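User: I'm new to looking at protein structures, and I'd like a close look at a single part of this one. Could you walk me through one place where two chains meet?

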Amino acid sequence: MNAFIIGDAELCIGCQACMIACARAHEQLPTAALNERETPFHSRVTVVNVPEVTVPVQCRQCEDAPCARSCPVEGIVQNNSHIEVVKEKCIGCKSCVLACPFGAIKVVEDTIVCSRIFMSASADTPQNRIEKPPFVVEKCDLCADCGTPACIDICPARALQLVDPDAMQQKVENRRKQNANRIRQYRSQLM
Amino acid sequence: MYAKNFDETVTIDTIIKMTSPIIAIDKELCTGCGRCLEICPVEAIAGKPNTPHEVDTAVCILCGQCVQICSGYDAPDETFPTSRAERLEQRGMLPTVQEPLFAAHYRGDIHRVIEALQTPDMFTIVQCAPAVRVAIGEEFGMPYGALTPGKLSAALHALGFDRVYDTNFAADVTIMEEGAELIKRIQENGTLPMFTSCCPGWVKYLEDQHDDLLEHLSSCKSPQQMAGTLFKTYGAKIDQIDPARIFSVAVMPCTCKKFECERPEMNASGYQDVDLVITTRELAQLIKHAGIDFPALSDEDFDNPLGCYTGAGNIFGTTGGVMEAALRSACEMLTGTPLPDLELEYVRGDEGIRKAAIVHEGVALKVAIVAGLQHIDSVLEQIRSGEADFHFLEVMCCPLGCVSGGGQPKVLLPNQCLEAHIGRKSGLYAHDRSLAVRKSHDNPQVKKLYQDFLGEPLGHEAHHLLHTDHSHNRNLV
Amino acid sequence: MTNSIAEIHSMGPGDTLLAIGTNTTECHPIIGIAMLKAVKRGAKLIVVDPRATTLTQHADVWLRLNPGSDVALLNALAHVILQNGWQATGYITEHTENFAQFKEVARKYSPEEASRITGVPAKNIATAAEIIGKSNNVAIYYTMGITQHTSGVDNVMAVSNIAILTGNIGRFKTGVNPLRGQNNVQGSCDMGALPDVLPGYQKVDNTAVRKKFAKAWGCEIPEKEGLKIPSVLEGIEKDEVKAVYIFGENPLRSDPDINHVTHCLKKVELLIVQDIFLTETAQIADVVLPGVTFAEKDGTFTSTERRVQRVRKAIEPPGQCKPDWLILSELMETMGYPASYAHPQEIFDEMRQLTPAYAGITYERLENESLQWPCPTTDHPGTPILHVGGSMRGQARFVPADYRPPAELPDAAYPLVLTTGRVVAHYHTGTMTRRCWGLRGVAPYEEVEIHPNDAAALGIADGEPISVSSRRGEVQAVAKVTTRVSPGLVFMTFHYSESSGNMLTNSACDPITQTPELKACAVAVRKITDSAPVKPISSIHSI
Amino acid sequence: MNTPYRLNRFVIADPGKCIGCRVCEIACSTVHSREKTPLTAGNMNNPVQSRLYLVRTPQGAVPVQCRHCENAPCAAACPVLAITQKDDVIYVDEDLCIGCKTCMLACPFGALKLVPVFENGLPVEQNLPLLSETAQPENSNGDSDGYKQLHVVIKCDRCLGLEQPACVANCPQQALQVVSPEEHLAARMHEAAVSLAAVVRNYTS
């Protein structure tokens with residue numbers, strides 16, 4: 001079972017620190033260089049701040065991930081404990097965006113992959129060609145390469161938590177026990 | 001004569017057999033989408049989703065709305081057991097036809113027209129329904145409802161027809177007869193309300209499903225059949241031609257007209273009154289096949305005397321048109337005073353059921369109009385239960401009348417269908433307004449016909465040639 | 001703040017937080033966290049805001065009022081409290097004055113009448129009043145939603161009236177608590193950076209005060225009050241003000257009616273700007289004096305809860321940058337006044353000699369603790385809660401006021417109401433925060449919040465470029481179609497230099513404080529159809 | 001003024017609604033015809049060449065078309081830059097296409113199609129002679145007079161310039177829609193956030 005991160009709407013103040021931490025954790029450049037090089041900002045977690053609720057939303061690391069199953073180029077795979085995007089394969093077709101019920105996968109501009117796609121109005125002469133920036137999909141990878149998830153670490157309201165398989169299993173078992181006790185309490189009412 | 005230039009490879013062997021059903025669904029092309037099933041006003045189509053559908057010929061009234069709506073076509077990416085050439089041949093279509101072939105289709109009869117035109121001894125007469133002149137232009141890239149009676153006549157002349165007459169003339173005659181019949185029924189306490197009998201699908205439906213109400217149906221033949229009878233009698237006399245040599249073709253917006261002309265009792269002239277019906281689309285295909293540049297043609301008149309028509313005859317092609325034409329004459333016949341305004345807006349419109357009351361010089365007439373056969377049953381129930389308080393009922397099977405008939409040019413984009421139908425309808429009314437004579441009883445050639453040949457409306461000769469006994473017919477069908 | 005932030009951590013069942021005109025979770029996030037936790041523990045939360053915020057999601061009652069109708073709403077709360085006898089009669093008798101007059105005014109504001117003015121359902125007003133009336137403790141928090149109105153003073157007084165009416169003052173977990181917008185705005189005011197007072201809120205029109213300062217500083221203290229910002233601009237227009245010296249402020253983006261401010265500051269003979277970045281205002285200055293950042297200076301900051309804390313230099317300032325105190329003292333020296341301070345501590349010591357509230361606060365004490373003024377003596381522990389055992393001024397005074405509508409109401413030409421505010425990622429005019437990769441990343445451009453009904457009527461889809469205009473100017477920004485705002489209301493910030501809401505805001509201001517009405521003005525919105533090619537940027541439109 | 005980059009919108013079908021009627025194909029072909037837009041079937045002289053494909057399988061029917069991939073493999077594969085980003089669609093300039101078919105290899109959706117070019121019902125020839133033995137007048141490929149018929153690749157251009165793509169506008173079942181990825185994401189996240197709030201309250205309590 002894959003672990004995953006969930007946000008707690010009762011605690012989240014919508015400060016977006018998780019988004020910044022996430023974006024930062026996935027950039028290799030030193031902080032000063034991020035500004036200087038106009039590095040695109042992408043966060044794999046999104047603080048949803050709508051009238052009803054404020055809470056970060058990210059990938060649930062589905063076991064039968066619809067995003068992966070929708071991908072026509074096998075660009076989304078199971079990697080150890082999480083569902084991972086193989087950037088180099090992504091063609092930006094947005095199938096995964098349609099497939100994900102959480103809106104947890106986004107198509108973003110990328111600086112590493114090369115595009116070779118041009119804007120039509122400019123494509124006629126080589127010197128006028130404007131290359132379209134390449135895009136890839138990105139989603140939460142549980143910060144698998146950099147230790148504990150950055151969003152959880154940063155949250156000043158402690159509104160994010162990692163649901164790991166064991167903890168979840170424990171919780172579920174506890175609930176069963178509690179329920180068993182409750183049944184005992186009202187057993188006399190049973191027919 | 002363009003007729004000489006037709007592809008010589010066409011032989012009698014390729015002509016479609018008369019036994020083929022008029023409306024059918026091609027199993028190879030049908031995707032089973034069910035849209036025809038939805039649109040069929042008499043629930044004559046059955047089939048499971050995604051599997052080919054079938055037409056129940058016993059129920060089908062041959063209106064051709066399924067042909068109009070069908071979008072399952074011979075996709076070039078797919079391979080079908082039957083080749084396109086074979087399919088064209090099976091459907092009685094010309095090999096030069098380039099349009100996509102759809103699953104729901106009607107029997108093509110164009111080869112027999114070509115054959116007739118190529119037969120030296122044949123005296124070919126053609127008539128065109130009113131709705132044809134506001135639609136055929138579309139098949140040549142003209143806008144929806146483009147009014148082209150002059151080009152239509154020119155094209156038919158160019159194709160080599162000996163006489164280019166007009167169904168509109170017979171529509172005017174229909175008004176003389178049907179108007180007289182209505183007045184007679186009212187004055188002599190006959191069965192009311194009286195039903196129009198121009199629409200063959202409606203007549204067939206009444207015969208098939210509601211034969212207890214046949215007494216209501218006007219005994220008048222449809223304009224097509226009146227025309228056919230007159231061509232082979234009065235027309236033959238004028239041209240001093242042996243009617244046996246006449247080959248009479250009707251160009252119709254309607255697929256059911258193919259059935260109507262083949263009805264065994266339609267032989268008052270002593271011969272099959274109308275030998276063959278082709279649709280607007282088939283005529284367009286023939287014109288293309290003959291290499292005629294339709295849009296470039298100069299206008300020509302229809303031939304006299306049986307091509308002479310009034311605005312009233314012309315509006316037969318749309319819902320409410322027969323009613324409007326009848327009222328223009330009936331009110332005047334009853335009171336001796338013409339209607340002050342000929343634009344009877346209260347019978348126009350596109351609602352499925354419309355009712356109106358007309359008071360003119362002390363005469364009060366109540367009428368009802370049904371457009372689209374799916375609306376008819378509630379009206380018939382009212383009549384049965386005695387709740388219907390109107391005198392005259394016009395019924396057309398197709399949504400806006402003949403302009404939207406099953407033989408009309410097939411609109412490709414569903415969201416333009418209504419626009420097309422309304423355009424054609426507007427074309428008919430525009431034509432009516434532009435004509436000098438707008439009342440059927442004022443048609444000089446109709447007057448002459450009665451004077452020289454028929455005598456009185458509902459008179460002995462008229463009754464023999466222009467009327468039929470529907471309740472009797474039923475047993476023959 | 002009359003009380004302290006930490007008290008929120010103790011709030012729970014029986015306690016109520018009344019947040020009015022404050023988007024606390026976005027603008028004071030740390031206090032916001034504490035509030036949400038208090039709510040989770042069982043404290044009640046009443047939120048008064050025209051706009052849906054994270055706080056409103058957690059509110060027991062959300063009073064969604066029309067911008068600028070606070071007085072009517074607060075008077076109606078008092079009306080219901082009085083009607084039901086929920087007022088603190090003992091406290092009122094012992095510690096307040098002018099109650100009878102207040103009652104007279106409150107009587108006019110039935111929930112139904114207030115509902116007509118505020119747009120808040122009468123039922124909700126009654127519910128909120130009951131919660132306030134029946135809670136053991138009610139702490140009131142407010143910010144610019146209260147003050148930035150032409151009725152700003154009346155609003156503050158109306159808030160205060162509720163507190164003293166219910167005896168929620170001078171006790172733990174109560175109080176009238178304005179949350180200050182900047183780390184040291186409290187300190188600046190304490191230091192007399194106001195036109196009418198010397199440090200410690202000692203009035204310049206008080207002869208004894210002037211004498212004390214004249215003696216200490218060896219110069220005459222003018223007895224006339226200084227000019228408030230609108231009067232400064234007016235003075236420039238009339239050629240009465242010749243020079244303006246601005247520091248740590250960017251009025252070309254933060255003040256209302258930017259076009260007018262720009263006109264004035266370009267007109268003035270000498271404009272000096274002291275700042276850490278070349279702000280929009282600095283760009284039109286005659287002289288720019290480079291200051292230092294928080295990390296490059298020594299001194300103290302005084303927080304919103306009157307807490308004085310030491311700030312210590314962590315890094316050396318770059319280039320010619322100098323701390324403000326040094327620039328000022330060098331300037332004074334140059335202008336012929338001896339001011340040879342070696343360290344801010346010397347200035348602090350001079351100040352505390354003259355400022356009784358700070359008298360007991362020393363750098364030595366601040367080395368190990370922070371202190372909340374008033375702290376009159378060096379052995380005084382500081383004052384976490386003001387007005388304990390009665391008002392500091394003697395009797396707490398009810399100051400009743402009637403509702404006055406905002407200065408500019410929507411009409412046919414400008415049919416929508418604009419209210420302005422902030423987003424969590426940016427601070428003020430974005431001078432600092434828009435230079436941060438992460439903060440820029442989460443909030444890259446201005447999003448104008450507009451209700452779906454209004455957007456639909458104007459043919460505007462979410463994420464489309466739009467133009468917002470008022471009688472004072474026009475800006476372009478991106479539409480955020482959301483029910484966070486009510487129909488008829490649009491929301492903008494002033495963080496974005498290129499789309500500043502203050503191009504549109506009204507400079508009409510409160511008659512007493514001259515605080516401008518940044519929270520309500522009339523605007524028109526239209527879709528931009530002839531826009532230049534959209535410049536692609538990396539971030540996806542926000543949710 | 002900065003505004004957000006909008007991802008390419010695309011047409012997608014709801015297989016639950018599609019009845020397989022092929023109207024979308026007819027509509028597509030009609031508006032893209034290299035003749036004056038035919039209104040009626042009889043005026044349709046060129047063969048139906050649809051840029052979306054009704055795929056019928058035992059599970060049902062659904063039309064398939066281009067996703068306007070952000071890193072469109074077809075565009076990247078095109079050696080003559082005939083496929084580019086135009087406004088917010090991936091667009092084939094049919095005049096530039098050389099018929100090399102590389103894009104068809106690259107596209108994982110089968111969204112591109114090589115078609116013979118017709119104009120007003122007649123095959124368009126090109127200056128590419130046929131070997132004399134194979135040259136037959138008007139053979140089934142549309143080649144004639146010893147020259148080969150022009151072939152180009154076509155694909156969905158989301159009816160750029162029309163208010164609504166023809167397939168979407170004409171689908172009798174409203175089974176087709178234009179998807180804006182941003183709107184889709186926002187809606188999904190909104191739902192996810194609202195449901196998460198309730199779930200987590202249960203989990204943490």
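Analyst: Here is a walk through the interface of chain D and chain A, followed by a hairpin that belongs to it. Keep in mind as you look that this is a predicted model.

Let's start with the head count. On one side, 40 residues of chain D take part, and they are in contact with 49 residues of chain A. Putting the two chains together buries about 3800 Å². Carbon and sulfur atoms give 66% of that area.

Now for the polar side of the story. The rule finds 16 residue pairs in polar contact across this interface, counting pairs with both residues at pLDDT 80 or more. It also finds 2 salt bridges between chain D and chain A. One of the residue pairs joined by a salt bridge is Lys94(A) with Glu70(D). If you zoom in there, the closest N and O atoms are 2.9 Å apart. A salt bridge here needs a side-chain nitrogen of Lys or Arg within 4 Å of a carboxyl oxygen of Asp or Glu, so this pair qualifies.

Which elements of chain D give two or more residues to the side that touches chain A? They are strand S1 (10–13), helix H2 (73–77), strand S4 (83–86) and helix H5 (181–204). H5(D) gives the largest share, with 16 residues. So what kinds of residues make up this side of chain D? They divide into 25 nonpolar, 10 polar and 5 charged.

One of those elements, S4(D), is worth following a little further. S4(D) pairs with strand S5 (residues 89–92) of chain D, in the antiparallel sense and over 4 bridges. To find one of the spots where the strands line up, look for Lys86(D): its bridge partner in S5(D) is Val89(D). Together, S4(D) and S5(D) form a hairpin, with 2 residues between the strands. In the turn you'll find Asp87(D), which has a positive phi of about 50°. While you're looking at strands, here's a handy thing to know: in a regular strand the side chains alternate between the two faces of the sheet.

To pull it together, the side of chain D that touches chain A draws on S1(D), H2(D), S4(D) and H5(D), with H5(D) giving the largest share. Among the links across to chain A is the salt bridge between Glu70(D) and Lys94(A), while S4(D) also forms a hairpin with S5(D) within chain D.

How values were computed: Residues numbered from 1 in each chain as written. Chains lettered and ligands numbered in written order. Predicted model: local features only at pLDDT ≥ 70, side-chain atom pairs only at ≥ 80, totals over all residues. Heavy atoms only, no water. Contact = heavy atoms within 4.5 Å. Buried area = accessible area lost by both parts, 1.4 Å probe. Polar contact = N/O pair within 3.5 Å; in protein donor to acceptor, adjacent residues only side chain to side chain. Nonpolar A, V, L, I, M, F, W, Y, C, P; charged D, E, K, R; others polar. Pairing = 2+ DSSP bridges.
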